[in-house]
Amino acid sequence: MIALPIDSIEQDFKQALEHTHLIVEAETGSGKSTRLPLWAMEQGRVLVVEPRRIACTSLANFVAHQLDEQVGKSIGYAIKLENCYTEESNVVFVTPGVALRWYAEDRLQRFDVVIVDEFHERRWDTDLLVAMLKRNQTHKTVITSATIEGQKLANYFRAERLVAKGRMFDVAIQHHRNDSRQLPDARHLDTRIKSALEPLLNDLAADVLIFLPGRKEIQQLMSTLKPLAEEYDLILAPLHASVTEQQRAVAMSVQDKRKIVIATNVAETSLTIPNVAVVVDSGLERRNVQRNGQTTLMLSHISKASAAQRAGRAGRVMAGTCIRLYGEHAALDPVTPPELQRESIVEPMLAAATCGLELETLEFIDVIPEKSMDAAREQLQQLGAIDDKGITEHGKKLYPLPIDTVYADLVTKMPSRALKEAMIDLTAALCATGKLFQMTSNEELLDKLDLEEPLGCDATMLIGSYEVNNILVLPLTTTVCAKRKGCPNRCAVYLNCRVWRWLLAINVMN
């Protein structure tokens, strides 16, 4: 194997893990996500928790390749809807959701070591898993990141702290703003990125990775960059949670042509995209926040920790450059605020109850606001998901459903099969990203719509849009799907809707 910066702590890691938990800090691109699981195998079977599905699959494939074997043997993975491991697999990469489900089933008794990677993202499910591991003390635990408050976390978990210095390749940072304090800005983002890229394309022999906040911005930028791609013979490759396997393969693999990968923060951690030499960072992401008691997805500035992670994508396999479209001294938060501090904790409380624990009794690295705790408890009690004894039978039905708890409650409480199927269709349509239909501007057809659907019920239209084959048109001929048949973008919305419906039907109708 090629030497990596993380190798400097190999002996310290192996010796310390024999008798204590570990906090490992290492720079982006140091090799911690691929080396630590192999070292930990000496202590027994290893569960590696990665924040995203794409990280699980790519890391498992990479580590298996390093051992000159196929993934699914000694190295495997498990994500939603897909398992590739055996009971003899020494290392299994999983998402936090899978880890929590396994914890609820048997307290992870099949594993000896648990590695929680990229903890700096502070997802509620990883925070909850770490709190439960801390409480039970049944597994040797390793928590890693390039950008965490290591000593604070070591004190919290009563763990030993190891720090690996250095990275494989240097990354030069450029700031494309006149004002050094200018914050990230979403205005004219596509044209600013095009202006930053165009001077580089004549001499650049490698690939480019661009970070944008969401799929809408990715599609807009792809349209803007299309003339450049044709002129310079480039591949434009989107990379976000909803891309197809074929699109993901193009983004992740080495091609004969140069490519521009346009990604959300799914490419921020635990992921090496080959041949990337330039990263363009918009400084923006979409993040869930609490507003007026509701969780809302909002456009936000990234943290300094996320900025460091994004820059590190350019230094994985070669020296590179990170172009930041904001000022050098922009007032970014040091780290991303924990989800438990900024979102509804109804789902975390239900998850803890499913594992036989009360959320209030767990010790977290950052205290959960009492107001959030009270609101979540009250809502779950009103839904009948928990009571004084813990989780109820109704709560056990709600937790596996991959939707908001309120939707899950509505679906499971429908009194007849017909109403239950209608609610499943409606929920699938509501959970699918993107518009499923758009209204016509033809006044004659709008008048006909008023006669056919006098109440103007959006729910009826959504159910109708799902039920019609290929969601080409609704039964109401006045309303047409926004993604028409033949459009290459139609499949993302339609397949998302299908997946939600299928997942719900499996759990509810059986």
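In which sense do β10 and strand β12 (residues 259-263) pair, and over how many bridges? Select both strands in this predicted model. β10 and β12 pair in the parallel sense, over 4 bridges.

**Stop 1: strand β10 and its partners**

Keep residues 207-211, strand β10, on screen. To see one contact point with β12, show the side chains of F211 and A263, which stand opposite each other. Now add residues 276-281, strand β13, which runs parallel to β10 and is joined to β10 by 5 bridges. Here the pair to display is L209 in β10 and V279 in β13, which stand opposite each other.

Is β10 mostly covered or exposed? β10 is mostly covered, with 5 of its 5 residues buried. Show its side chains and look along the strand: D207, L209 and F211 point one way, while V208 and I210 point the other way. Both sets are buried, meaning that each residue has under 20% relative accessible area.

**Stop 2: the eight-stranded sheet**

Move to the open sheet of 8 strands, and colour the strands in the order β4-β3-β5-β2-β6-β7-β1-β8. The pairing in this sheet is mixed. Select β4 (82-84) and β8 (160-164) to find the edges; each has a single partner strand, so one side of each is left without a neighbour in the sheet. On average, neighbouring strands of the sheet are turned by 20 degrees against each other, direction ignored.

Within the sheet, pick out strand β2 (residues 46-49) and strand β6 (residues 113-116), which run parallel and are joined by 4 bridges. V48 stands opposite I115 in β6. Then add residues 10-17, helix α1, which packs on the sheet. Helix α1 touches β1 (22-26), β6, β7 (140-145) and β8, and the direction of α1 makes about 165 degrees with that of β1.

**Stop 3: the second largest cavity**

V48 and I115 appear again here, in the lining of the second largest cavity. Select them together with K32, S33, L36, P37, E50, D117 and T144 to show the lining. Which helix gives the most to this lining? Helix α2 (residues 32-40) does, with 4 residues. The space inside is about 30 Å³. By class, the lining has 4 nonpolar, 2 polar and 3 charged residues.

**Stop 4: the largest cavity**

The count of cavities of 30 Å³ or more comes to 2. For the largest cavity, select E347, L350, L398, Y399, L401, I403 and T405, which line it. Its volume is about 50 Å³. The lining of the largest cavity is made up of 5 nonpolar, 1 polar and 1 charged residues.

**Stop 5: the second largest pocket**

Finish at the second largest pocket, which has a volume of about 230 Å³. To centre the view, select A353, E358, I386, D387 and G390, the closest to the pocket's centre of the 15 residues that line it. Which elements give two or more residues to the lining? They are α12 (346-354), α13 (370-383), β17 (386-387) and β18 (390-391). Colour the lining by class: the residues divide into 6 nonpolar, 3 polar and 6 charged.

Note on methods
Residues are numbered from 1 along each chain as its sequence is written. This is a predicted model: local features need pLDDT of at least 70, side-chain atom pairs count only at pLDDT 80 or more; totals for chains, interfaces and linings use all residues. Side-chain values use heavy atoms; hydrogens and water are left out. On a 1 Å grid over the protein atoms alone, a cavity is a set of points where a 1.4 Å probe fits but cannot get out, and a pocket is an open set with protein on both sides within 12 Å along at least five of seven lines; lining residues have an atom within 4 Å of a point. Grid points are joined across faces, edges and corners, and a volume is the space filled by probe spheres set on the points. Ala, Val, Leu, Ile, Met, Phe, Trp, Tyr, Cys and Pro count as nonpolar, Asp, Glu, Lys and Arg as charged, and the others, Gly among them, as polar. Buried means under 20% relative accessible area, exposed over 50%, partly exposed in between (1.4 Å probe, protein chains only). Two strands pair if DSSP finds at least two bridges between them. Axes are lines fitted to C-alpha atoms, for helices over the stretch in contact, and angles run from 0 to 180 degrees between N-to-C directions. Contact means heavy atoms within 4.5 Å.
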